[in-house]
Structure formats: structure tokens, C-alpha cells
Amino acid sequence: MTPLVLTVPGCEAWTERLRPRLAGQAGRALVRQFPDGEVYVRLDDDVAGRDVVLVGGLDQPDRKVMPLLFLAATARELGARSIGLAAPYLAYMRQDHRFHPGEGITSAYFARLLDGAVDWMVTVDPHLHRRSTLAEIYRMPTTVVPSAPAIAAWIADAVPSPCIVGPDQESAQWATVVADRLGAPHMILTKIRTGDREVSISQPSLAPLVDRTPVVIDDIISTGRTMIETVLQLRRIGTPPPICVGIHGVFADRALDDLLAAGAGAVVTCNTIDHATNRICVADALAAAIRHHLGTGSTPATV
Ligand code: R5P
């Protein structure tokens, strides 16, 4: 049966991308706030026996989570056969450890919330650092859609003679795959983070960069400090303005302006979070992963 595609408010653009790729029916729902700020939801389609795909990119998660949970709970109570979540960006993945006494490990708590709400989830390159798979915290079936093929294709078109630079050890999982696909050299730097906005990056060596354009790849650009410090290090050794590629462009505060001011030649992101820097579309890969969970497609390429 045709899946019903329901939007978590704020994620309309992704619903528009996915619905035709899933041959899905646009679900009709009212989500609004009561005067006291509480969330009201109403489903205007009969969901009994239907497969429901909730589309909910989870940037700015705190305002999206209650509508998501209530839409899922309503669909469940009204008899949906299955409820899946398409979250191009999965939030709350970075606090995966108790760094200081008393801290909450919110990635695990968030996983429990979503596990209690939906039956499966697809997402694009979640921040897996101290954990190696989502299965370490999520019980439901999940599929991780890799952005590397789309990123490599964009670089192949846009950047002659690239050298791929990963700003820290975690970024190696994306940077090396992209470099291999391009047949380009790569280097992985070392990062020390001492605060939300305080990072230092090791000095790159010049040899692999001679006659090449550095392309810095990281999964998240949030405050931009990781990218900024990497760009500054590259400029110090005399490279051309680096191209900065982020999988998820969160861009807190003035991050984009600060990154351009630091000397980035361009800042480009995948469209997991809608932003003016989006140049790389991952919708086909995400839709393939959703079709797999719906039982209407072959197994997608995943990591
Ligand atoms: C963390 O290690 C991630 O891979 C990114 O490097 C980090 O989230 C970037 O954050 P920011 O832009 O605030 O430096």
C-alpha cells in the first residue's frame, strides 16, 4: 500500500524531496501550539493499516521532538501498521560520554526516546565517534546513509586536483572514503577541544598539498571553530583558500561568516539541513534506504 508521508513541522522541504521518490501519499496533519505552548496534533488521514514515514530532520531538535513523538503516538494508537523516521540529520549524537562528573549521556537518552516512538529510522552519517554503530544505543533497525559518494561526485566536478583534509581523527571515516573515491591524497589532522568554542588543530604537512586545493571534510559544522582553525593552519603553510565541506551544516550563530572571514575559499554542505550552502543532494540515497525499510526497494549502499 502507498506509504503515508507525514511532516514534522519545519521539515517540509525534505518531505517534498522524499514523497515523489517514495511514491508516497502526502499525509495531512495539523500540528499547532495551544496558547500555553503545549503541542496539539491531529491526523487528517486514516492511518489504520498504513505504513507511515515521519520526515523529521532533527536540527534544532528540542522544538521538533514533541511534535514528532505526538505524531508517532497518534499514528500508533490509530492503527498504523508501521512508523518509520527519516531524519536526514540525527541530533544528540555528540554527548556520547560522561566527560565530567554528573553529566548526562544524552545520545543514549535521546535514543531511548526515539526507540519508544518509531519502528525504524534512516539517517545520513550520524556523528559516530566513541561509538561505532547506532546499534550500540538504538534498539530499532536503523540505516546509515553514507554521504561520501555524493560528496566525492561534487568534488570531482568542482575542484581540480583536490587534497582531502580531515580536521580530526573522527573525520577520517569520511575523508579517507572520499579521497579513495577520487584517487586523491588525503591527510588527517589532530584536534584538541577544550571548550564548546575552543579547539586547536595540528599543523598540516605541506608535501601532499603542493599544487593542490585543500578540501576540508567534516561531518558537522556547528560553531565552525574546527573548520576555522583548520583553514588558518592551511593558510599559514601557504595553501590556496581551502574548500570546506560539511555533511551537516548546523552553523551556530555567525559560524559561516567567521569561516569565510578566516579564509575559506568556499563553504559547501549536503542538504541534510536546509541552508544556503547546500550544494550536495543526498535525497536519492535517503529515499533508497527508506524504500528498503518499507519493503519496496533493494538493499541500499550503507556503512
Ligand atoms: C566533532 O568532533 C565533529 O566531528 C565536528 O568536528 C564538530 O562537531 C564541529 O563542531 P564545531 O563546528 O563547533 O567546531
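**Note on the cysteines, the ligand shell and helix α5**

1. C270 counts as buried, with a relative accessibility of 0%. The model under review is a predicted one. The closest cysteine sulfur to that of C270 belongs to C281 and lies 9.1 Å away, which is too far for a bond. The cut-off for a disulfide is a pair of cysteine sulfur atoms within 2.5 Å.

2. A search for disulfides across the whole structure returns zero. C11 accordingly takes part in none, and the cysteine sulfur nearest to its own, that of C281, is 16 Å away. C11 also counts as buried, because its relative accessibility is 4%, and the threshold for buried is under 20%. For reference, a disulfide is a covalent bond that joins the sulfur atoms of two cysteines.

3. The ligand deserves separate comment. It is surrounded by 15 residues, of which R94, E170, D218, D219 and T223 are the closest. Sorted by class, this shell contains eight charged, five polar and two nonpolar residues.

4. Three short distances involve oxygen atoms of the ligand and may be checked in the coordinates. A polar backbone atom of S222 is 2.8 Å from a ligand oxygen atom. For G224, a backbone N or O atom likewise lies 2.8 Å from an oxygen atom of the ligand. In the case of T226, the partner is an N or O atom of the side chain, at 2.6 Å from a ligand oxygen atom. On its own the ligand has 380 Å² of accessible area, and the protein covers 96% of it.

5. How do the secondary-structure elements contribute, and which of them give two or more residues to the shell around the ligand? They are strand β11 (191-195), strand β13 (213-221) and helix α6 (225-236). The largest share, four residues, is that of β13.

6. Helix α5, which spans residues 172-182, has A172, W174, A175, V178 and A179 as its buried residues. These lie on the same side of α5, because the arc they cover around the axis is only 165 degrees. Which exposed residues does the face turned away from the buried side of α5 carry? That face carries D180 and R181.

7. In summary, two matters may be kept in view when the model is examined. For the cysteines, the search of the whole structure gives zero disulfides. For the ligand, the shell of 15 residues draws its largest share from β13.

Notes. Residues numbered from 1 in each chain as written. Predicted model: local features only at pLDDT ≥ 70, side-chain atom pairs only at ≥ 80, totals over all residues. Heavy atoms only, no water. Buried < 20%, exposed > 50% of the residue type's maximum accessible area, 1.4 Å probe, protein only. Near = heavy atom within 4 Å. Polar contact = N/O pair within 3.5 Å; in protein donor to acceptor, adjacent residues only side chain to side chain. Areas by Shrake-Rupley, 256 points an atom, 1.4 Å probe, with all protein chains shown as cover. Nonpolar A, V, L, I, M, F, W, Y, C, P; charged D, E, K, R; others polar. Arc of directions from axis to C-beta.
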